[in-house]
Structure formats: structure tokens, C-alpha cells
Amino acid sequence: MSSLFKTVVLGAVSAALLVAAPTPVPAQEASLSEATQACLECHSGATPGIVADWRNSAHARTTPESALQKPAMERLFSAPKVRKEFQGVAVGCAECHTLHPRQHQDTVEHDAFQVHPVVSPADCAACHPAEASQFDKNKMAWAYPDLMGNPLYLDLVDHINGEYRLEKGTLEYSRPNPETQADSCLFCHGTKVEVKGTIERETDWGEFTFPVLTGWPNRGVGRLNPDGTKGSCSACHTRHAFSVEMARKPAACAECHKGPDVPAYNVYGVSKHGAVYENMSKDWDFKAVPWALGRDFSAPTCAVCHISLTVNPEGEVINQRTHRMNDRLDTRIMGLIYTHAQPKHPDTSRIKHKSGLTLAVDLEGNPAAEFLITPAEQEKNREAMQRTCLGCHSRSWVEGHFRRLENTIKTTDDSTKTATRLLQAAWKEGLAQGPDQGGSPFDEPLELKWVEQWLFYANSTRFASAMMGADYGVFERGRWKMHQNIKEMAEWLNLHRALKQK
Amino acid sequence: MSSLFKTVVLGAVSAALLVAAPTPVPAQEASLSEATQACLECHSGATPGIVADWRNSAHARTTPESALQKPAMERLFSAPKVRKEFQGVAVGCAECHTLHPRQHQDTVEHDAFQVHPVVSPADCAACHPAEASQFDKNKMAWAYPDLMGNPLYLDLVDHINGEYRLEKGTLEYSRPNPETQADSCLFCHGTKVEVKGTIERETDWGEFTFPVLTGWPNRGVGRLNPDGTKGSCSACHTRHAFSVEMARKPAACAECHKGPDVPAYNVYGVSKHGAVYENMSKDWDFKAVPWALGRDFSAPTCAVCHISLTVNPEGEVINQRTHRMNDRLDTRIMGLIYTHAQPKHPDTSRIKHKSGLTLAVDLEGNPAAEFLITPAEQEKNREAMQRTCLGCHSRSWVEGHFRRLENTIKTTDDSTKTATRLLQAAWKEGLAQGPDQGGSPFDEPLELKWVEQWLFYANSTRFASAMMGADYGVFERGRWKMHQNIKEMAEWLNLHRALKQK
Amino acid sequence: MSSLFKTVVLGAVSAALLVAAPTPVPAQEASLSEATQACLECHSGATPGIVADWRNSAHARTTPESALQKPAMERLFSAPKVRKEFQGVAVGCAECHTLHPRQHQDTVEHDAFQVHPVVSPADCAACHPAEASQFDKNKMAWAYPDLMGNPLYLDLVDHINGEYRLEKGTLEYSRPNPETQADSCLFCHGTKVEVKGTIERETDWGEFTFPVLTGWPNRGVGRLNPDGTKGSCSACHTRHAFSVEMARKPAACAECHKGPDVPAYNVYGVSKHGAVYENMSKDWDFKAVPWALGRDFSAPTCAVCHISLTVNPEGEVINQRTHRMNDRLDTRIMGLIYTHAQPKHPDTSRIKHKSGLTLAVDLEGNPAAEFLITPAEQEKNREAMQRTCLGCHSRSWVEGHFRRLENTIKTTDDSTKTATRLLQAAWKEGLAQGPDQGGSPFDEPLELKWVEQWLFYANSTRFASAMMGADYGVFERGRWKMHQNIKEMAEWLNLHRALKQK
């Protein structure tokens, strides 16, 4: 081989590597606003990681105008027109962090700019109003009030996160402090971010004023922001690359959907779909818009079934993009306490069951139907989900799958009912203190076993059935644990009855 | 470098990228039969995902004749000659779905063709008879009768999946319904797929007749098919791409081998082998046939040790391909209840221990030797496995590893024996109802702890030892749990003895 | 397209594949010593896997001299000069396996060479003395004495791994045998490898003498080697590729940091950092030295925060490389039993608390301060860690994160204290036998629940807080289990008090 050829080949390989790796200054960069240029002067050195992420992002490489001119199916910009201040420039630091300065309680004067650190869905809505509007109707956006505004759930949260001290031989409970709540449930549900004043800091670039924030840092999907909005787009659309690839791959969802309460990612991981993703997706195109089954991907990720605009190879729509995830869900299988039709309004803390409970079902499993979608709406949502299934599976296959899921929903709810009856017997016989005895239903060992029955084992079994990851419906927190737990609850009851009698 | 050459190189890179991504119409497509062309006319639109998968598959791109002409070591086609109807065409929809129409109870007339939805190992055997024949001698093909045909295992299955209701203060058990069984153990073991009639459906392409099937959908490895055969090749060779890459990567096996009962994938994940796979395999060639250690891969996946034809870089065979996985296994370390030599026949439901138990070992650990392979056969299988180890490790290393595994087999069996003795004491003293008391050995809390002893903790510890993923032999369901469980069983016994006396 | 062009394209693709895949004979191979050539004559056939790994390694492709000539920031060779015997040759088999023959008790004459199988940090130090010296000050290098030289930890180890037999109705314990220890805790901590003689073996290449070694095989990070040194570089730098990519990716660490006692990898897996790694790192450069944030990677792996030399895109150092991992750690959050400042000396078995316990904290949580680093040293280490955080996050963000971690450290230690008080009550009342009653604190069910309190649940909660993987601080072995466990311990106590009274 001639040395010339060798040089050429090596050069080509190096070039390929440079293209593949994150590069700080891409060739296609769009014009930047003066404000953003001012940000970059210091922040390229102050926070080089996020600056590099942004430089590689679509935000840095295109302008809103060019995004608006794309054909409708390829367009991610959903506003009818481009705001005046965004014309002719890329979406840089200043475009997001100085928008709506008066609405943002966290705005501070920063090098002559009115800057806020906490970018909110209202800021993103400047270019993505359709997505922000859908997301606001999504339970996820309401994850803070859904949890903290429901006295029953709040009682559960408090007893999970609280502090327990032994005082004179007795366990004394005190409520958790805000840092613990932020580090636990609210990490995913979102904190309440409020401005508590400002602080002056000496930096390498001079002295600056910064807001002092409660509940910060946080990237929870239902965060309450200092501009009065709910939610955090960067929960899934990781700042500052905001890559569609990042949000379309399952690990983005795993941050909050991997625990025993909601093992969606785990179940996907042992499903055929998850195995195909794991083994074959290196050849898929995670950036294509619209996203075509058979051309860009060959098995679903979380986003394919629940969120993304998907088309067939001819470009015909399979499902429209939605950021209101329950548009494709008929039943809430994450039983709290039993399964039920999806709620009408994303703020589930508004649900008041006629039994007095702040739950969509009472302890007998009767639904608060007026707060839930109708069977016809359920059918419509199920059909939306099934359109994706039918891209690869026959109608018989799909109907068989959903019939089996329906059976699993029924049998798991039945098992929860058995556990509930056991707990109710303990409450009635004075072996444990439930609400009627003036106690919390979430603070004694038998009660915790009851919670595990629905929150861990019945949920896991249903997720396994819905997403075909059978391990999680058998030995891995599935039917094995569900029925072992019932038997242990019954044994506990018999043991404590016997002790009481003696 | 001439600019012409540059164009060529860049063009090649682009072309390579195009080849890598799923493309609907690859250049090298082979001729299709008229029947397959008829299928595609509707199904390209009806089920675009699986059509695209197939178009990217070797089945669509080659013909059986060209496959037959490959050198023996590169050949995946194992029939002596090509069936007449397959000559000159690629293996398309019709080639598999219309084969053996009379054997298939699920055959229906579909647009003038005799089509069956459930493709079976007998269909695959038209081109891959060696693999089908090996697989039929594999325990996996017998996973349905091995579980459901053994009264003892069936009792365990039923008590895991059954329904438990509280009636007048007592837990009442009823057997699980077929949908629950299909959603649980039989998801991996395979369902019994039987034709229960036909149904007419209106589709976008007119009205069609479809078979009504029990146990459908299912891709269990031991599925009983409507043509009377056992097994499902697509359990591992995911339809409709049937990629060798898919089956060679560990996630394919994880679908069924990740639970606490058989944590092979989990253990691999914390082993050195798994770490090398996870971190470095992006540069390996998962499509090469034969598969060369050092050239195509540098650490084993599941397939390397258990199934694949592997060679050294000079092309000399390390191990021959086998679809009878226990060809390279001496001992069944997945203790049911204790470890034992691999069974002679894959249908383990035929094993009758002289104690009367339908187990390969009795409760004392004595084997039903006449149903198990001999020490000489064990030695032969162990040597086959060790040939792979010796590709990277010295003889001293390998012997040390297997000696340590032997020790783990003994100590874990001993711990199971201790747990068995504790349970037997409870049975004898009337604190629990075992078979001699007319009860199931699988339905009381103490009995479930005994099951966890061997099925979860002893198994996990042995897999960890066999595959060098120590976490699963210590804190993650290993010796920590194994010995904690024994102590809790002993404590249970003492507690219930004390209560009985008072 | 002309057929010429086609040929060129196909050729280019093949060439690209050859470059990507492990190739047995790379073009850039450096000269080999005569001794290494002699090794390869047989070992290319005897152990082709590791020979191929080495052929693809930097060791095979460069010489120490060229490594020494690299600019300081790119240099991985840290010796001041090249040893005479390494001049002009690549680092091959013989360079490592025949070094320091007299120090190595495992040296044998092997085809006229003095070969030792167990390569030690002292061997690696011939070219990498800075790393070997740092590592020797790292707790990991002392993982054997830290565990086995501390009578309290050894008691825990023995009771985890021991054997339990039922003799006349009583559980009889006996200490674990050495193979079990090697298969369990010592798999990661490292075994004691000693020469117990030699053995003659007939091989395909003639008869050879090999050393007989105890505790072999093992790649534990704190292994005691036959040359008197501690540690195994190949624990992370997997032989025989020794790829920097392998050690920089999290799966390398997962081999030992994935269990419930130290769930670092699990927590990372549900963190934003882990999600970015999982979804986006295919485009990162894991081989670049120095490693530049924003250019080579955009989110931290384990190595980024704890070990690697990292720079900003302008090449300015963020953190210097260190193989003494606690250089960037202020607090030991892996509570044994409570958290405490990092120990001064890596041999923690030297710590003697004034209470008499061989622990850095007593059961009340009081530290053995004289053995621990000072608050000023803690501050220095914390600042080193924070330099990495500040590459992407603001000072307010980072301070908020560390304040929250501090709160978690306090509340989890408090919960451990409650569990300790419960256990102490049981000991005092004679319901369990602790050290003061002549018993082990690690062998009864209530004691095991106490161990799980700090070793599993409090640790998991702290790792989740430190690395932002909230699931492991809530339901997945976090606060849910931490507080459930306390309540179950209290219930146990009440139950056994009641039984005692009757």
C-alpha cells in the first residue's frame, strides 16, 4: 500500500471519529443573539459541559424560522409564528433564560440581563405550545398536587419518609423535613421551587446576585416553578442538548419508572420488545421525524407506544404525537388501590369518592365513576394503543393479548381485595389501628404488607401482563410474592389472635 | 488524494450507514415466489413492521440454494438439499406460513392460499433439520410437559398462580384459570395452542376467516403447536428478522433467564465476561459464521458457551454448534430441589424416583440415577464447556474455577438439606401440613420459605459461582439470604412450638 | 453504478469492518522481544482469546519509549525512564510475566523462561509507578486486610458464608471453608494467593511445570499476591486488552458495586447521568487522553467523578487523575455502621475505637476521630468532587445538592441509631445474645435485620442521594424498607416480650 493511501485512509477514519464525537463548534451553527453571545463569553469557561451540549443541539444549529418552514410532519416547532425576539437567531442561553422576566420570581439582574435559572414549560411554549398544552393535561404535570394535595397519599408519603426514634421503649414518629421529601418522592414528582431571597457570590467573573430557591435542585416532572407553572420539560428532554434521541430511548423513562411501585422499565427489559431494542437498536434512527416503523425502528420503545408521532414506511400516520400520555391508555393499571378507568382530569387530588375517601376506588373496589373516563373513551384510547400493536401483530394476536391483560387486571384486583379484607379484620379486632380507630392506614407492619400487595406485587404483575415481561408477573415481585404476602398476612392475623387470647 | 477517490470513500461511508439502518427495500433482494408476492401486496400495508424486518433478513436476501452452496463451516442451511418449492426463491411469507398445510390444525383458506399463523419447528426444519432435531432433544423443547406433566411441579404452579379469597375468615384457594397460566409460567414454558374454531373478520382488504386459538399469543420455548410439534424457534430467533445477531446477544436469553429462580442474565451482568460484553462489544462482529474467538468477539456471551459454533482465529473448531444446550452441561445446578446430573431424556416428567416422588432427587438428596447421565457423560460435557474456557484461561485457572463450583454445589445442597429438615420437623409436629398430612408442600408460609431456599437462594448462589458474578452469591439473593432464611425458618419453628404448648 | 465502483465500495466496507472488529494482526504492531515471540509461538494457539486481546491493545502497538515521549497531559506512562529490558520492544507477554522473577513465589521455569502467572501491581509499576503508588494508598488495595483483619467484620463474613446443619433440633454453625470464602466476599475483596507446590502437566506442547496456588483464580481488587504485594490492576483494567475504554465505562465498576450493600451502579442507572450515558454515549470518545468534558463526554461515568484526569474543552484541568479514590470523597457514606469522615490510612483494620470496637464509630455514632481525616481535609476532598459538578451545574445547584446529601446522611444515621437501640433492648432483655452475652452480633434473625438496616437500606438511601437515583432512596431498598424494618424490629421485640411473659 502506498503511504499516500495510508494517509488518506487514516485521515478518513479520524474525520469520521470527529464527526461522531461531540464537537464544541459545529459547522452548521446558526447566528446567535447578542445576549446569548454575552452569556457564552463567560459560560463557555464557567460551565463548559452544558455549553457543549447546547452547541451540539438542534437549538444551536437551526433558527425558529427554519424550523417553522419544515413540512408539517417533520416540524417540531408548533407555534403559528416566530416571536419577534427569536427572529434571525438560534435558540441560545438568553432566549430561554431571559423570557418572561416578570412572570419569573426567580429573575435576577445578571450582567445587565434579566436572567432566571428555572426554565419552565411556559418558556418552552414560546416555540412548542402544542406540546406544553398537551403536557398540562397530562397527569405527570400534576404530579405534585396529585401526591401532596391528596391527604391520603400525603399520609403515605409522610410515613415513608418520616423519622422514627425510640423514646422510652416506644417508636415515636415525626414528619419528614423538606430536604428529605425533595430527596425522596418529590425527586420525581417535583418540588415546590420558591424564591426565598437573593445571595451575593464572588465568582471568577466578578460578584453576582443569585436567587435563593427552595426545593432546588430538582428536575421532577411535576415541579412547581417560580413563574407559577407546573412541570419540567427537562425531566425527559435532558438539558441542554434537548435531543429527541435522548427522550425516545427507554433509559430516559427509567429515571422514574424503575422502582417496585412502577416497574415499567424493568418489565420492558425482559420483554421481547426490550430484547430487540437492547440487541438491535444500534442500527435504528432515533432522530428521524416523523418516526417510521420498519424504516427507523423495528420494535417499540416507551415513546413509540405512549408519546411519539409514528408512521408506516409510506409515511401514513399510525399515531399522532401526544404529550398527554393517557390519550393511549384506557385503564390505570398502577392500582391505587385497585385499577380503574383513567381519570378525566389530570389533577387526581380533586377526586372525592362518595365513601369519603380521596381515591378513585373505595376499599371494596367501587369506582368514583363521575371522575373517570367513560367506557366509550376507554375504547377510543385502547384503539389508539392498538394501532401501534397492529403494525406488527394480527388482530387475533392483539385481541388475545388484551383479553389476557383484562384477566390479569381482574385477578390482581381480587387478590388486593383479599388482602384488604385481612387488614380490615385486623382493624376490627383491634390488632391494628386503622382510620376508624384513629390511626393511619400506613404505619404498622401489617399495613405496610397491605401496601406492598397493591403497590408492588399487583402493580408488577399488571405491568408484566401489559408489556409482556413475564418474570415480573411470576417470581420477580409477581404472583409468587402476591400470594405469599396474602398467606403471611393471614398467618400474622392468626398469630396475633392467638396471642391476644392467651 | 484524488478528489475522485475522496468521493468514493465518502460514498462508501454513506452506503455503509444506509446498509446498517433498517431499509424497506434492500438492493440484494432475491426473487420471491408468487405466493409471497401476493402476501406482500396487502401485508406491506397491513403489518409493515414485520414485513420490514423480513425484508432486512437473510431469508429475504438469499435463496436456499445459495445458502446450501456455502462452505460447510459458514453454512446455516442444514438440509441435504433444497425442497422443490423453495428452488429459485427467497424464503418469504408463504414459504413458512403455507408449509405442511394438512399437519397444521390452524390452517385456513386465506385469499386462495392455505395459510397457518403458528409457524413451528417442523416448518423451520425444511431448511434447518439439524437444529430442529437437536432442539427436540433439548429440555427447552419439553418445557411444557416438564412443568405441567409433573404432578409435583403442577402443584407448585397452581399454588403460585391460583386465586385466594377470604371466606368466613379462612383463605380459600381455587386453581388458576388458563389465561393466568398463559400470562405467568407458560409465558416462557409455552402454552398449548389448539384450534377452537374459526372466526370471520371484516378487514380493510375484505372479509377473511381466521382460526380461533387457545393459549395465543405465545412465544414460549416449549409451546405445543397446532401441528403436534413442540417448541418455538422464534423464542430466541425473533421473528421476522431471524437475525443471528439477535440470538447471540444476551438480552435474547434474558427474556426467560432473569428471574430470581434462574438469574443467569443477572449474574452475567456482574461478571467480568458481562462487563467486557457491555463495555466493548460494540466493536464485535455478531454476524460472522463461524464465530471466531479473538477475531469476532473477545468474551463469551450466553451463546458462546452454550450453543454457538466457535472457532479460533485460524478457523479450528473450539465447539460445534448445538441446540441441545445440555451437551455442554454436566450438572443441573438449578436445583429442583437439589442439584443432580443432567437428565438423560429432555422430558423430565418421565423421571420417577424410587421414593415415589416425580423428582430427580428425593428429599434426602439421593438421585434417581437411572434417569440421569453417567459420570463419564458428565465428564464429556464438562470438557466441552471447558474447551471454551481454555481459549483464554490456563488449565490451572479452569480447574480451580470448576473445583470451586463443585464446592458451591455441595455447600448449597447442604443448606437446602437443613431447610428441608426444618420443614419436615414442622410437618411431623403438625405445625404445617405436608404431603403425609394430606397437604400440598407449596401452600403455607413456611413451605414458601423452603421453596425460596432452593429455588431462589441456592440457585442464585450456584449461578454466581458457575458464571463468576459474585454479588448473586453473597448479598443479592446469595449466601446472605440462604442463611438468613434458614435462621428465620428455625425461629418460626420455635415460635410456633412455643405457641402450641401454651 | 460501475462494477469497479461497486468493488471499491464493498472493499471499503470490508476494510472498515476489519478495523472495527478485533483483528489478530494489526498493522501498527511494534517490535516484540524475543521472549514474547517465544511465548506467542505456542500461546497464539493455546490461548488465542487473550493473545488477540493483547494484539489489539496499546501494549502491543506502542513501545514504552514512544509512550514516554508523549506530552505530559496525554501520557499514561508515568515512570521517569524506560527500563533497559523494555527498550525497543512492545510490552508483550514476557515483559510482564517474567519481571521480578525472584520476588514472585509463583515463578516457574517454563520453556527456559522464568515465568509467573500472577502479574501484580509491582509488575505494572515498571511503567505506571504513579498509579501503583496512588493505588497502594487506596482502601481498595487493602480490601483483604480491611475485611479479614478486622475481627468484627470477619465475624460477619463467617456468619454469612458459614455452614448450618440441624443437629438434634438445633442449628449448628461451622466456619466456611476457603473455597466458599473465595467464591463469596473474597471474590471482590481479593484472596490470599500462595504457592503450595508445583504440578507437572502434559500439554499439546509437551510437559510443563506449573505452580499450585491457593485462592486461584481471583481478580479481586485487594488480592494478596505471591510476590508480597496487594491488589490486582486487572480488576478494572481487564486483561489482556488493558483498554482505557473498558475501565472508564460503568460496567467495569458494576462487577463489585451492584449489590444491595453498595448499589452505586444501580443508583447511577436510574440517575440522569446514567440515563445520558445509556442513551447517548455511543457518540463519546472513551479513549481520549486527557478526557475532555463537552468534547469527549457530556455526562459523568464512575471514572469521571472518582478517578480520571478530566479537562475542559480548552484543555484546562478539572481534576487530576488519581487511583486513590478517596481523594475526592469527604465522607464514607457506606455506613459501617454509621457514616464517618474518610479514614486517614487505607488499612481500616488498624482503627481501634476507644469503646474497644474495631470500628470508626461506636454503636452510639461517636467517631474514632484520630483515625479519620480532619474537617479541613474533608472540605478539600469535597471541593475536588465539586469541581466536576461545576462543569455543568451552577454553584447554587451544587450547594443545594450537597446540603441535601448532608441531610440524608444525618437522617439515615438517625434511623440506624433507632435500629441499634431496638437491638440493644433485645440483648439487654435476653431476647437475643449480643457480644455482652457472649454471642455474635451477626447470627440471629433480629441481628440480621439490624445489619440490613445499615448495610442495605441506609446505604442505599445515601447512595441514591449522593448520585441522584431517587428510586434507591424510596421504594427500592430506600426509606420504605428502612422504616418498615424498624417497625418490624419493634414488632419482633413486642412479640417476644409477650411470649416470654406467658
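**View 1. The disulfide of chain B, with its cysteine C188(B).** In this predicted model, C188(B) counts as buried at 15% relative accessibility, where buried means under 20% relative accessible area, exposed over 50% and partly exposed in between, with a 1.4 Å probe and protein chains only. C188(B) and C256(B) form a disulfide with their sulfur atoms 2.5 Å apart, a disulfide being a pair of cysteine sulfur atoms within 2.5 Å. With -95° about the S-S bond, this link is left-handed.

**View 2. Cysteines of chain B without a bond.** The cysteine sulfur closest to that of C253(B) belongs to C302(B), and at 3.8 Å it is too far for a bond; C253(B) itself is partly exposed, at 22% relative accessibility. For C389(B), the closest cysteine sulfur is in C305(B), 6.4 Å away, which is again too far for a bond.

**View 3. The disulfide of chain C.** Here a disulfide joins C188(C) to C256(C), with 2.4 Å from S to S, and both of these cysteines are buried. The structure holds three disulfides over all chains.

**View 4. Chains A and C superposed.** A rotation of 120° with 0.0 Å of shift along its axis superposes chain C on chain A, with an RMSD of 0.0 Å, when copies are fitted by least squares on the C-alpha atoms of residues with pLDDT of at least 70 in both. That is the relation of a three-fold axis.

**Notes to the views.** Residues are numbered from 1 along each chain as its sequence is written, and chains are lettered from A in the order in which they are written. Local features need pLDDT of at least 70 and side-chain atom pairs pLDDT 80 or more, while side-chain values use heavy atoms, leaving out hydrogens and water.
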